[in-house]
Amino acid sequence: FTLSGGNLAVIAAMDNLALLGEGASAGDGEEADHFAGENPWLFLSVEGAGQIAESIAAGMMALDPAYEGLYAENLAAFEAGLDALKAEMRAEVGEPSRKRVALLHEGLGYLADELGLLAVATLRREPGEALYGDELEDFIAALRDSGAQVALVERQAPQTLCRAIEAAGLTIAKIDTLTTGFAADPQAYFQAMRGNARAIAQALA
């Protein structure tokens, strides 16, 4: 947002929101494990997306009070859509089964929590990363040891990894982690999250 005079304003959309993770500070050094600290993938839950929208709207109202009513109106409409989306996703997945789920992307804890899934393992790996040799064998062994029956993985996961997971006896649900952009389509978030619920429901079935 550009203020009069050309100055820029920054809205911190997730300040003071409850995030998963350990809350490690940014001063841990360049060698710190980037998986440590607060998990920024809050938007992978519908409720989290609403919290982010509220933060953005509050920031815009403070910066641009002349249009406060418009921001409030747009926020209310968006949140009404999110409420309907959350109900639709819960209906799609149904009563959470007791199938044991492994999360293969750091952001999927938010989605699993919201849908009441029985997540028994979260395995750390870089999104889109292929694994080979001993690293792949260790990864598959950890999946087997977890007792998981279903694996949630980002849809960009390499086919070699997906085939290895399926060969280990797990069913895969490929999840849109919302990292590829929406081309300014206001319905894209809703469509992606509906697709995620559908993929999970099919895998659990």
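Here, a residue is buried when its relative accessible area is under 20%, exposed when over 50%, and partly exposed in between. Keep that handy for these exercises on a predicted model.

**Exercise 1. Work out how well helix H3 is covered, and by what.**

Step 1: Start with the span. H3 runs over residues 108-115, and seven of its eight residues are buried.

Step 2: Name them. The buried set is Leu 108, Gly 109, Tyr 110, Leu 111, Ala 112, Glu 114 and Leu 115.

Step 3: Look for what they pack against. On the helix side, the partners are H1 (46-63), H2 (68-93) and H6 (188-204). On the strand side, they are S1 (100-103), S3 (150-154) and S4 (171-175).

Step 4: Check what comes after the helix. Gly 116 follows H3, and its phi is positive, near 70 degrees.

**Exercise 2. Place H3 in the overall fold pattern.**

Step 1: Count the elements: the protein has six helices and four strands.

Step 2: Read them in order, and you get α-α-β-α-β-α-β-α-β-α.

Step 3: Ask how far the contacts reach. Of those between residues at least 6 apart in sequence, 63% join residues at least 24 apart.

Step 4: Add the burial: 41% of the 205 residues are buried.

**Exercise 3. Find which parts of the chain three of the salt bridges link, and classify each partner by accessibility.**

Step 1: The total is four salt bridges. One of them pairs Glu 47 with Lys 86, with the closest N and O atoms 3.3 Å apart. Glu 47 sits in H1 and Lys 86 in H2, so this pair ties together parts 39 residues apart in sequence. Glu 47 is partly exposed at 44%, and Lys 86 is partly exposed at 29%.

Step 2: Next, take Arg 194 and Glu 88, whose closest N and O atoms are 3.0 Å apart. Arg 194 is in H6 and Glu 88 in H2, 106 residues apart. Arg 194 comes out partly exposed at 26%, and Glu 88 is partly exposed at 38%.

Step 3: Now try Arg 155 with Asp 176, at 3.5 Å between the closest N and O atoms. Arg 155 is in the loop between S3 and helix H5 (159-167), while Asp 176 is in the loop between S4 and H6, 21 residues apart. Arg 155 is partly exposed at 44%. Asp 176 has a relative accessible area of 10%, so it falls under the 20% cut-off and counts as buried.

**Exercise 4. Say which residues form a negative surface patch, and classify Asp 134.**

Step 1: The patch is made of Asp 134, Glu 135, Glu 137 and Asp 138.

Step 2: Asp 134 belongs to helix H4 (residues 133-146).

Step 3: Its relative accessibility is 57%; that is over 50%, so Asp 134 is exposed.

Technical notes
Residues are numbered from 1 along each chain as its sequence is written. This is a predicted model: local features need pLDDT of at least 70, side-chain atom pairs count only at pLDDT 80 or more; totals for chains, interfaces and linings use all residues. Side-chain values use heavy atoms; hydrogens and water are left out. Patches are made of residues with over 30% relative accessible area and no salt bridge: like charges are joined within 9 Å, nonpolar side chains (Val, Leu, Ile, Met, Phe, Trp, Tyr) within 5 Å. Accessible areas come from the Shrake-Rupley method with a 1.4 Å probe; for residues, only the protein chains shown count as cover. A salt bridge is a side-chain nitrogen of Lys or Arg within 4 Å of a carboxyl oxygen of Asp or Glu. Lys and Arg count as positive and Asp and Glu as negative; His and the chain ends are not counted. The place of a charge is taken as NZ of Lys, CZ of Arg, CG of Asp or CD of Glu. Helices (H or I, at least four residues) and strands (E, at least two) are DSSP runs, numbered from the N terminus. Buried means under 20% relative accessible area, exposed over 50%, partly exposed in between (1.4 Å probe, protein chains only). Contact means heavy atoms within 4.5 Å.
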